[in-house]
Amino acid sequence: MMASLEGKKVAILVTDGFEQAELTGPKEALEKVGAKTHIISAKSGTVQGWNHTDPADTFNVDLTFDAANIGDYDAVVLPGGVVNSDTIRTDERAQTLVKEASSSGKPIAVICHGAWLLISAGLVDGKTMTSWPSLTDDLKNAGAQWVDKEVVVDGKLVSSRKPDDIPAFNRELINMIAA
């Protein structure tokens, strides 16, 4: 039986162009076990998901990066998607949010290209991680040890490579939040 996350809140940080399955898969799994999730972005309104290279659905934004207080959350999820990840990595407020989560010992779960935000925030040095293979050099150059596995747990960091890894990613994220 999966752990209950009743009373837990999880921040999902994205901008337009996120890989839709990497938001909806974890969001649905977290909510199924009782967690509340909030989509947090640079702008209010909606954000656009993508299915690989094609625009997909839009999702309502619950809070902006400026309005969010990471202290209100028990964990952070960072979906991938090239466009999202390339944009969010340069957003100083998004960097601040993940730095605050890390320094507070909150679980951070990242999938695919989402690791770019952690690289830009200076949070991967000394970590063992996985990602979409094209980030291998970026992670190594930032001081991480890259491995090719469906899910890697290093301290309070959970990482996965791609949408096919979402079941393992969700399992490890939920277990970490419940611990």
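**Strand pairing and salt bridges in a predicted model**

Good morning. I begin with a hairpin: strands S4 and S5 form it with two residues between them, and His52, in the turn, has a positive phi of about 60°. Please bear in mind throughout that this is a predicted model.

Let me stay with these strands for a moment. S5 covers residues 54-60, runs antiparallel to S4, and is joined to S4 by five bridges. To give one pairing by residue, Gln48 has Thr58 in S5 as its bridge partner.

S4, which spans residues 46-51, also pairs with strand S2, residues 18-19. Here the two strands run parallel, and two bridges join them. In this pairing, Glu19 stands opposite Trp50 of S4. As a general remark, side chains in a regular strand alternate between the two faces of the sheet.

I turn now to the charged side chains. How many salt bridges does a search of the whole structure find? The search returns six, and I shall discuss some of them.

The first for discussion is formed by Glu31 and Lys27, whose closest N and O atoms are 2.6 Å apart. Both residues belong to helix H1, residues 20-32, and because they are four residues apart there, about one helical turn separates them. Are these two partners buried or exposed? Glu31 counts as partly exposed, since its relative accessibility is 36%. Lys27, at 19%, counts as buried, because the cut-off for that class is under 20%.

Next, I come to Arg161. Its side chain meets that of Asp148 in a salt bridge, with an N to O distance of 3.0 Å. This pair links distant parts of the chain, the two residues being 13 apart. Arg161 lies in the loop between strand S12 (157-160) and helix H6 (166-178). Asp148, for its part, lies in the loop between strand S10 (145-146) and strand S11 (151-154).

Which other residue forms a salt bridge with Arg161? That residue is Asp165, and the closest N and O atoms of this pair are 2.9 Å apart. With a relative accessible area of 17%, Arg161 falls under the 20% cut-off and is therefore buried. Asp165 is buried as well. Through salt bridges that share partners, Asp148, Arg161 and Asp165 are joined into one network.

To close, I would recall two items: the S4 and S5 hairpin with His52 in its turn, and the network of Asp148, Arg161 and Asp165. Thank you for your attention.

Key. Residues numbered from 1 in each chain as written. Predicted model: local features only at pLDDT ≥ 70, side-chain atom pairs only at ≥ 80, totals over all residues. Heavy atoms only, no water. Pairing = 2+ DSSP bridges. Salt bridge = Lys/Arg side-chain N within 4 Å of Asp/Glu carboxyl O. Buried < 20%, exposed > 50% of the residue type's maximum accessible area, 1.4 Å probe, protein only.
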